[in-house]
2 protein chains.
Amino acid sequence: MDCRPFRVEDTVGQGTLAAVAEPKYWHLRTVLLRTMDTEFSTGQVLPNERELSARFGVARATLRQALDQLELEGRLVRRRGIGTLVAAPRVGIPVSGREGGRGSAVHGGQEWKVVDCTTGPASAALARTLGLAEGDQVHTVRRTRVVQGVTVAAESLHVPSAALPHLAVVVDGNDRARGVLRQLERVGVDGQSRSVELGVAESAEAALLERPPGTPVLVVTTQYAAAGRLAAVAVSTYRADTCKLTFGESGVAVKVAGEVKAAAVS
Amino acid sequence: MDCRPFRVEDTVGQGTLAAVAEPKYWHLRTVLLRTMDTEFSTGQVLPNERELSARFGVARATLRQALDQLELEGRLVRRRGIGTLVAAPRVGIPVSGREGGRGSAVHGGQEWKVVDCTTGPASAALARTLGLAEGDQVHTVRRTRVVQGVTVAAESLHVPSAALPHLAVVVDGNDRARGVLRQLERVGVDGQSRSVELGVAESAEAALLERPPGTPVLVVTTQYAAAGRLAAVAVSTYRADTCKLTFGESGVAVKVAGEVKAAAVS
DNA sequence: AAGTGGTCTAGACCACGCG
DNA sequence: GCGTGGTCTAGACCACTTG
């Protein structure tokens, strides 16, 4: 195929030496974005990088810089050996107490798949966030969140042993994980507080997310409280390329289905 | 100065042809991160890029790829003409109904600075999110959020004219903005629902945030409801490099001051 | 003027997916 | 084998800050 829509005139020259001399890659991004919106649809593959860079009269590295931006915005997916595809709009992923899975506060629904469960002394950083002394025993459940067949998040849930007095320590692996989660349910969770920040997936999480290391992720840190005390801390890393985190608050009964494109509302 | 801590042996060779042949830039990132954590402190400047790339025996572009990662994680700040600095830990920014400014639901506190206010027909995308017909009149208040002297966010608050029947239309600029905000207060807000996703700052927001275009941002979309109807939509872009968004829920009285480093809890 | 990060180039080779 | 994106190089020039 030829994929005519991309034309050289769009970017070359840039004639008007007015403006503030926008970088080439940024201008290129804008042109690509416009063309994608008007001439392409979800899942379609763009011309390959060598082709595009030639067509726009720039070095391949410069074109890639533009594609990097679009990928960060979740507008592109690049697959080695395949090509560059127009991405589907981001999926809204509920991250609220009442909505994940079956409605438990630690959202133990079927969306979550336990990877493993370990118990050991807390690192300095972890002890600090849990309000423990360094070296105190902590259960750690690693699990992934799978939505519509796609792994969208990896999580480490840390629970001080002291918070689960009735847990049989003999069981191991998935059984123990189940035990920890069930016990945590039983303890009851009064409330929670969360934070969201940008991060990159290290090798371990990256593998779980089926992405290369360095993949941008939204890091959600949740503190679960029980009886006024901190009962658990979860660190969840959501794939930033495909996820839009939603925090529903139950009082709202607005039934607007639309999605806001940040760009479109500027 | 010499900045000895960075040593060549850390990365060159990588001898063991075991492992999965980690990319150089990723390994470099790890080495830099470790050295920064142990030998440098907040605000300190690293050796310049040409120096570092020479010291590690890689091309400057490769070194920059590693620095790009660290910058995305908020560990580095690069200033043209100055150098590369170790960044301060991210600031926790409350994004909850009760915590911003003076406690109003649309957080009208002194942290927010109105930039301008316009009224005009809604674009197709905006009309959809507000549940209006395209072309319906909408007030748009642009403002920035300044925390401790730093502009951390830019926001566009969209309110359908129909939702504010008592607004005098004659006033303009800041007066109108104040009017819109006050009227919105008066209407009352029952609840709200939010989403967070990754984006990049376009030129307009980038300027407000005092960052170059393409800067990664956390896009927070908030829907405000009043009497069961959607009364307003706010699209806020927070600087991803410096901000950690916090969603406090009032029931939690946990007083743990610590911060979780995602990396440290893996 | 000197030093810094930011942009851009032209080319090479590698790792992956598919026919 | 071939085409794709991913990595890496060596070098050039520009834009910005500071003395």
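In the UniProt record, an unreviewed entry, residues 22-89 of chain A are listed as "domain: HTH gntR-type". The structure described here is a predicted model. Within it, residues 22-89 of chain A are 54% helix and 12% strand, and the C-alpha atoms at the two ends of this span lie 28 Å apart.

The contacts with DNA strand C were examined next. There are 25 residues around DNA strand C, and those that come nearest are Lys24(A), Thr62(A), Asn48(B), Arg60(B) and Arg64(B). By class, 11 residues of the surface near DNA strand C are charged, 7 are polar and 7 are nonpolar. On the DNA side, sugar or phosphate accounts for 67% of the atoms of DNA strand C within 4 Å of the protein, and bases supply the rest.

Individual polar contacts involve both protein chains. In chain A, a polar side-chain atom of Tyr25(A) is placed 3.1 Å from a phosphate oxygen of DNA strand C. In chain B, Arg64(B) has a polar side-chain atom 2.7 Å from a phosphate oxygen of DNA strand C, whereas Gly81(B) has a polar backbone atom 3.2 Å from a base oxygen of that strand. Two or more residues of the surface near DNA strand C come from each of helix 1 (24-39) and helix 3 (60-72) of chain A, and from each of helix 2 (49-56), helix 3 (60-72), strand 1 (76-79) and strand 2 (83-86) of chain B. Helix 3 of chain A gives the most, with 4 residues.

Outside the span listed by UniProt, strand 9 of chain A (residues 229-239) pairs with two other strands. Strand 8 (residues 216-226) of chain A is antiparallel to strand 9 and is joined to it by 10 bridges; one of the pairs matches Val217(A) with Arg239(A) in strand 9. These two strands of chain A form a hairpin with 2 residues between them, and Ala227(A) in the turn has a positive phi of about 55°. Strand 6 (residues 150-160) of chain A also pairs with strand 9 in the antiparallel sense, over 6 bridges, and here Ala154(A) stands opposite Thr237(A). Strand 9 of chain A is largely enclosed by the rest of the structure, because 10 of its 11 residues are buried. In a regular strand, side chains alternate between the two faces of the sheet.

In chain B, strand 10 (residues 243-247) runs parallel to strand 3 (residues 91-94), and 4 bridges join the two. Ile93(B) stands opposite Leu245(B) of strand 10. Of the 5 residues of strand 10 of chain B, 4 are buried, so this strand is likewise largely enclosed by the rest of the structure.

Note on methods. Residues are numbered from 1 along each chain as its sequence is written. Chains are lettered from A and ligands numbered from 1 in the order in which they are written. This is a predicted model: local features need pLDDT of at least 70, side-chain atom pairs count only at pLDDT 80 or more; totals for chains, interfaces and linings use all residues. Side-chain values use heavy atoms; hydrogens and water are left out. Buried means under 20% relative accessible area, exposed over 50%, partly exposed in between (1.4 Å probe, protein chains only). Two strands pair if DSSP finds at least two bridges between them. UniProt positions are given in the numbering used here, feature names are shortened, and annotations may be inferred rather than shown by experiment. A residue is near a molecule or strand if one of its heavy atoms lies within 4 Å of it. A polar contact is a pair of N or O atoms within 3.5 Å; within protein, one must be able to donate a hydrogen and the other to accept it, and residues adjacent in sequence count only if both atoms are side-chain atoms. Ala, Val, Leu, Ile, Met, Phe, Trp, Tyr, Cys and Pro count as nonpolar, Asp, Glu, Lys and Arg as charged, and the others, Gly among them, as polar.
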